[in-house]
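Got the model open in your viewer? Keep the selection box handy and follow along, one stop at a time.

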Protein chains: 2
Amino acid sequence: MDEPVTRRSRRTRQTIKMSDVAAAANVSPSTVSLYLRRPGAVSKRAGVAIHDAIERLGYVPNLMAGGLAAARSRVVGVVVPSMRNAFFAQTVSAMQGVLSDDGFQVMFGNTDYDDDTELALVRAYLSWSPSALVLTGLHHARPTRDLLHAADCPVVEMWELGADPVDLAVGFSHTEVGRAQARHLIRKGRRHLAFLGARMQDDRRAMQRAEGFAAEAREAGIAAEIVQHIKPASTEAAAALLAKALSINARIDGVAASNDTLALGLLFECMRRGIAVPERLSVVGFGDLEFSAFSNPSLTTIRPFGDVIGEEIARLVLAAVEEDARPARPAINTGFVIVERGSA
Amino acid sequence: MDEPVTRRSRRTRQTIKMSDVAAAANVSPSTVSLYLRRPGAVSKRAGVAIHDAIERLGYVPNLMAGGLAAARSRVVGVVVPSMRNAFFAQTVSAMQGVLSDDGFQVMFGNTDYDDDTELALVRAYLSWSPSALVLTGLHHARPTRDLLHAADCPVVEMWELGADPVDLAVGFSHTEVGRAQARHLIRKGRRHLAFLGARMQDDRRAMQRAEGFAAEAREAGIAAEIVQHIKPASTEAAAALLAKALSINARIDGVAASNDTLALGLLFECMRRGIAVPERLSVVGFGDLEFSAFSNPSLTTIRPFGDVIGEEIARLVLAAVEEDARPARPAINTGFVIVERGSA
DNA sequence: CTGTTAGCGCCTTCAG
DNA sequence: CTGAAGGCGCTAACAG
């Protein structure tokens with residue numbers, strides 16, 4: 001009666017296969033196959049019989065056999081820097097939601113901002129003959145790019161727009177985001193700006209925002225500093241950045257943060273130091289995280305549409321599968337909006 | 001010179017296969033296969049020749065063919081309620097990290113707290129002959145449970161410990177978390193407790209925490225209310241819950257929140273209403289989110305070890321694959337700690 | 001340690 | 001609309 005230590009060895013079970021269903025339904029296996037792929041292409045009678053047999057037998061198709069024969073699997077490989085990042089979690093989540101409705105599965109992996117890891121993941125996904133590959137950003141190591149160009153499936157690069165995508169790009173311009181941040185601060189009467197960034201070495205897109213910010217300020221004839229902190233966003237990073245910015249120019253009255261986590265840290269630091277926000281200092285974030293509306297003052301920030309990116313990609317992938325081709329269309333700009341709240 | 005609309009049709013490319021590598025290395029295909037699976041089991045000479053041939057030809061193994069022949073794929077199916085939830089994102093991320101080092105891929109899906117979606121995902125994953133299935137929690141619809149019991153791969157249930165797991169469980173006791181929350185408040189001298197929960201209908205585990213909380217209080221001879229709000233955690237939910245709790249018992253001086261998002265909301269609501277935290281009211285959260293340390297006062301909370309859960313599961317899966325069996329061992333308790341900060 | 005031999009379960013022409 | 005035939009690329013005994 002005791003539970004055995006080992007429940008069941010791998011080869012013990014025998015699964016029901018398509019030919020079993022065919023036999024039970026009195027049709028040939030290829031008719032079952034056809035029914036499964038295009039139910040309409042089979043006579044009503046056969047369809048019903050097959051459906052019943054599947055139910056009765058509890059048939060589960062073997063997707064590896066199917067994929068092998070078709071030289072294509074209903075798998076989409078997704079590569080993100082980090083799933084712990086709420087942005088990408090949201091996007092991947094949304095993508096998975098619409099893809100799974102069409103019977104597609106997502107395989108995903110984190111690169112942790114490492115090019116070699118990205119390459120390894122792309123290699124791994126490629127060996128599943130995926131229906132599409134989705135990567136984050138436009139930058140990839142050379143061998144990765146080569147693989148992607150040689151891949152016989154569509155490649156989607158997300159969360160960044162720019163020159164020379166492999167196939168498709170879905171996202172928005174981070175330069176424009178930076179410009180929007182600067183523009184907003186200037187519109188609020190701020191004349192001494194700074195962009196504060198945490199761990200921007202790893203994050204090309206944060207860097208692009210900083211550059212857009214600086215360019216917009218420059219064109220408006222306003223000075224703007226870019227101040228960086230090596231370590232990731234935290235209360236300490238925020239404190240260090242604020243101190244550094246103010247020491248460079250004590251008159252700074254408007255700052256953009258590389259992301260909301262940092263922006264929130266700045267808000268708390270300001271509170272601690274008795275710096276009035278937004279009277280003395282305006283703060284603009286990026287990301288519109290869950291907590292950005294909670295703070296006091298609440299955070300003015302930029303909202304990207306991470307879920308839209310995911311859905312849009314899913315739609316593109318589905319369309320590409322339909323056409324059986326790698327589309328080369330203009331990129332899709334999912335845009336962003338500025339969410340005006342208390343801090344700026 | 002223009003970019004064509006269609007880049008490459010699916011069947012145009014022909015991939016190089018194992019037999020090509022074998023020919024190039026002057027060995028038989030099975031030796032290549034063996035080399036790929038157990039490099040040590042092949043002579044040095046052959047190994048080097050094969051390695052070179054693979055590099056030179058840019059061979060990418062076809063994992064579907066391999067999986068079909070082996071009746072098993074190096075895929076782990078992971079089902080979570082929502083990837084947008086930082087807890088699960090962290091766990092899945094950690095799991096993916098260690099699994100991919102061993103050449104395993106994770107397929108993941110969100111259930112959005114829906115039993116039918118969970119069933120569909122389990123079905124889908126099963127058709128890939130996965131090395132393991134990882135689900136969240138111990139509760140599943142009947143047909144799902146049946147499928148899981150019949151599955152010929154290990155099944156891991158995570159983020160919850162309790163009676164009757166399918167195979168393995170990795171997580172901690174939410175009842176104990178609730179008890180710890182109550183105990184902490186009592187130790188701080190609080191005598192009028194309440195557990196405030198947002199959207200607990202969907203979240204069995206939050207409910208378990210509430211029950212543990214109430215049980216601990218009861219055993220200590222202290223009154224404890226459980227107050228619920230239908231909608232998910234937000235500033236509004238926090239305000240409503242606090243009002244309701246205080247209207248039930250104005251003397252309430254210690255509250256536990258079903259999660260940190262709600263707890264943070266409570267902190268802001270207290271600030272708004274001029275309720276001193278922790279002097280007048282102590283607040284304990286659950287989750288130890290990124291922002292829990294940021295608030296002012298900072299949030300005392302319970303830290304689960306989401307990443308440890310993920311790593312532990314990965315290790316179990318790897319071990320089970322090694323043994324080629326479904327292990328039936330005692331569950332793994334990853335525990336939790338109370339992080340004492342300003343709010344309680 | 002290496003090669004030979006059979007499939008794995010399904011898809012995809014192609015006839016009927 | 002249905003069935004028969006062949007093969008997708010690889011693994012897993014087994015024999016040498």
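Start by selecting chain A by domain: the assignment gives domain 1 as residues 15-59 and domain 2 as residues 174-304. Put a marker at the centre of each, taken over C-alpha atoms, and you'll find 61 Å between domain 1 of chain A and domain 2 of chain A. Bear in mind as you click around that this is a predicted model.

**The two copies**

Now bring up chain A and chain B together. What does it take to superpose chain A on chain B? A rotation of 180°, with 0.1 Å of shift along its axis, does the job with an RMSD of 0.2 Å. The two copies are thus related as by a two-fold rotation axis. As for the contact residues of chain A, 100% of them recur in chain B, so the same surface serves both copies. To find the axis by eye, select A:M107: its C-alpha is 2.2 Å away, and no residue of chain A comes closer.

**DNA strand D**

Next, select DNA strand D and show what surrounds it. There are 22 residues around this strand, and the nearest are A:S43, B:M18, B:S33, B:R37 and B:Y59. Which part of the DNA is facing them? Of the atoms of DNA strand D that come within 4 Å of the protein, sugar and phosphate account for 75%.

Zoom in on the phosphates and pick out these side chains:

- A:S43: an N or O atom of its side chain is 2.4 Å from a phosphate oxygen of DNA strand D.
- A:T31: here the distance from a side-chain N or O atom to a phosphate oxygen of DNA strand D is 2.9 Å.
- B:K17: a polar side-chain atom sits 2.9 Å from a phosphate oxygen of DNA strand D.

Switch to cartoon view and colour by element. Two or more residues each come from α2 (29-37) and α4 (63-70) of chain A, and from α2 (29-37) and α4 (63-70) of chain B. The largest share of the surface near DNA strand D belongs to α4(B), with four residues. Colour that surface by residue type and you get 12 nonpolar, eight polar and two charged residues.

**DNA strand C**

Now hop over to DNA strand C. Around it are 23 residues, with A:M18, A:S33, A:Y59, B:T31 and B:S43 coming nearest. Sugar and phosphate make up 71% of the atoms of DNA strand C that come within 4 Å of the protein.

Three places to click on here:

- A:R37: one of its polar side-chain atoms is 2.8 Å from a phosphate oxygen of DNA strand C.
- B:T31: an N or O atom in the side chain lies 2.8 Å from a phosphate oxygen of DNA strand C.
- B:S28: this time look at the backbone, where an N or O atom is 2.8 Å from a phosphate oxygen of DNA strand C.

Back in cartoon view, α2 and α4 of chain A and α2 and α4 of chain B each supply at least two residues of the surface near DNA strand C. Which element has the largest share of this surface? That would be α4(A), with four residues. By type, the surface near DNA strand C holds 12 nonpolar, nine polar and two charged residues.

**A loop in chain B**

Select the loop of chain B between α6 (115-126) and β4 (132-136), and start with B:S127. Is B:S127 buried or exposed? Its relative accessibility is 5%, so B:S127 counts as buried. Show its contacts and you'll land in the other chain: leaving out residues up to four places away in sequence, B:S127 touches A:V60, A:P61, A:N62, A:L63 and A:M64.

B:S129 is in this loop between α6 and β4 of chain B too. B:S129 is buried, at 16% relative accessible area. Setting aside neighbours within four places in sequence, B:S129 is in contact with A:M64 as well as B:A71, B:R72 and B:S73.

**Last stop: a strand in chain A**

Finally, go to strand β14 of chain A, residues 336-339, and select A:V337. With a relative accessible area of 35%, A:V337 is partly exposed. Beyond residues up to four places away in sequence, A:V337 touches A:T301, A:I302, A:R303 and A:F305. For one more distance, pick the C-alpha atoms of A:V337 and A:D260: the two residues are 77 residues apart along the chain, and these atoms are separated by 14 Å.

Definitions and conventions:
Residues are numbered from 1 along each chain as its sequence is written. Chains are lettered from A and ligands numbered from 1 in the order in which they are written. This is a predicted model: local features need pLDDT of at least 70, side-chain atom pairs count only at pLDDT 80 or more; totals for chains, interfaces and linings use all residues. Side-chain values use heavy atoms; hydrogens and water are left out. A residue is near a molecule or strand if one of its heavy atoms lies within 4 Å of it. A polar contact is a pair of N or O atoms within 3.5 Å; within protein, one must be able to donate a hydrogen and the other to accept it, and residues adjacent in sequence count only if both atoms are side-chain atoms. Ala, Val, Leu, Ile, Met, Phe, Trp, Tyr, Cys and Pro count as nonpolar, Asp, Glu, Lys and Arg as charged, and the others, Gly among them, as polar. Copies are superposed by least squares on the C-alpha atoms of residues with pLDDT of at least 70 in both. Contact means heavy atoms within 4.5 Å. Domain bounds come from an automatic or database domain assignment. Buried means under 20% relative accessible area, exposed over 50%, partly exposed in between (1.4 Å probe, protein chains only).
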